[in-house]
Amino acid sequence: MNTQPRTLQWRPARAKGTGRAIGHHGEIVQGMFPTRDGGFCRGLITLPCEVFHATATFAPEPEAPLRSVPAGKAKALEAAALTLKELGQDSWGGALSIDSNIPLRWGLGSSTADVTATVRAVCDAFGERLPAERIARLAVAAETASDPIMFDDCAMVFAHRGGHVIETLPGGLPPLTVLGFRTSEEDEGVDTLSHPPASYDEVETRAFRPVVGLLRRAAFTGDSALLGRAASASARINQRFLPRRHLAGLERIAAEAGGVGLQVAHSGIIAGILFDPHSPDLHRRVDAARHGLADLGITEAWCFRTAGDDARRGG
Amino acid sequence: MSIRDPLPSVHAALAQPRILHLHGELYAALFGSLLQMLPAIDLVRAAEAEGEALTLTVETTDAQMALALALACRARGHGFIAVSARGYDPLTERRLAYLGASVQPAAAGATPGATPGALARRLGEGLAFAEAAEIMSEGVGHIDCLIGPLEAAYALSGLGRFLRYVNPALRVIGVDVRGGGPPPAAPEPCDEIHCCDPDEAAAAGWKLLIDKGLAPGAGSAAGYAVADRHARRHPQARIMLLLVDRPWLPVRCPEPAAFPLPTSGFRPVGQFDVPQLSGGA
């Protein structure tokens, strides 16, 4: 047992540190994934979305309490405390301010973006950089479950409650054009932590095996259509745990408009009709989907494109 | 993508299918072992997970299934008792004995200690075929149509069930080898049944052997005949054919009218000089 008194590293902090993180647009797939030991692990493939983002600023103060602006950012404050401890600077406190354009409770990763930006801001204040794997573990410790937006390349199956990578998807995720919307415009949203994890039965657990097969094929070949099929499968399997209004109608709209699939936030109220950005008449297809959504009473929609891996397609 | 770890047993190495490209959009899943190994391994693992006794007792009339269960139990270090109302053929019983399994006749009513429902339930759910469905999706992506012999109905059922999660419009076609008569009613896993004449099946088996070096059993040969026909009628549809029975050299040759065998016209591919190995210093 080490009886040496702990030496605090009073590394001079900068006046302020800043960090930025993007949000996500729910998940492409969320479910159970096979592990090397023959078991299954909860995991997800996130749909990163640069439209939504958060910026954190941390002004460290020695021997001071941690506080947030705006107040009530409990998960971000927990992340700041954990990061200071990780850096060996837990005698510091300070003011954490967060500026975010991400709506709460929609399933767009607002708290994960806050937490990730906070970890980066605290590190920046002390001139440190943490690898994405350590930021992921801190994020899960701070908020119980997290999407892997702290990784530059999100082409992975991520254990959102374990904070580790289950499997990387070599080749990267193919690009997608996403028409996003709320499945219920009256709904206030979903509190991720109060929403119980899906209790998949044995058949549903194994139903994700062909889904992950499609994901690997989609990443390997750069096929956006296969990625869309995997997303639709996940939305259907998860429907009984967080039912979406009009799921069958939304799938029909996607198919009739020339989309490649439908994705949902598995703890939220947003969804997205997916398109291959290289498909001909893309704008006409997106407009057709907008009209279809309007027929279902969904009038607010937004469109963005993921980065994807266009290099191999010459895009 | 995970790296390929060494596999713990020959059954694990051979149980899952390898995917072959036949032509166009026609692919085949080649199972290199007893097809029954998949549900057998699955059942043994499920029993282990539930902490059941180290001797598995299962009621099955299927001799191949009994052998697969005996192999799976042997590989995992468990005992096995096969329960069958009418017993098995002498060769199967001898094989089971060599594998350390014992055979018990099914008593009237429930068999003490047996799990007659477990195998049927797990076969019905098709759980053992989820990984094979993953291998198929990873290998070829989207699959429109699954074709296989009716004798592997539970494999068609399990694979169809899991592949439908990624393509609800999947068509499952069962193939029946028979000579004439009305086609049987489609069992639950199948959307349709196609009948294949024995001569056509034999011709297809020989064609597969000559063209691809594959020696299918009668059921798989019939499946190939139907899948090949389907592929030519629907060239855009991606088809996965199950080659499920153990390879054999077909003993029955088709009538020349059904399948003209190449008897002449081979041309030499060239003449090769074999280099002399030097004798060292």
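The following dialogue concerns strand E2 of chain B and its setting in a predicted model.

Q: Which conventions apply to this model?
A: Residues are numbered from 1 along each chain as its sequence is written, and chains are lettered from A and ligands numbered from 1 in the order in which they are written. In this predicted model local features need pLDDT of at least 70, side-chain atom pairs count only at pLDDT 80 or more, and totals for chains, interfaces and linings use all residues, while side-chain values use heavy atoms, without hydrogens and water.

Q: How many helices and strands are there in chain B?
A: Helices (H or I, at least four residues) and strands (E, at least two) are DSSP runs, numbered from the N terminus. Chain B has nine helices and nine strands.

Q: Is strand E2 of chain B mostly covered or uncovered?
A: A residue is buried under 20% relative accessible area, exposed over 50%, and partly exposed in between (1.4 Å probe, protein chains only). In E2(B), residues 26-30, four of the five residues are buried. Across the 281 residues of chain B, buried residues make up 46%.

Q: In which sense do E1(B) and E2(B) run?
A: Two strands pair if DSSP finds at least two bridges between them. E1(B), residues 18-23, is joined to E2(B) by five bridges, and the two run antiparallel. One bridge partner of this pairing is B:Leu26, opposite B:His23. The hairpin has two residues between the strands, and B:Gly24 takes a positive phi near 50 degrees there.

Q: In which sense do E2(B) and E9(B) pair?
A: E9(B), residues 239-243, pairs with E2(B) in the parallel sense, over five bridges. Here B:Tyr27 has B:Met240 as its bridge partner.
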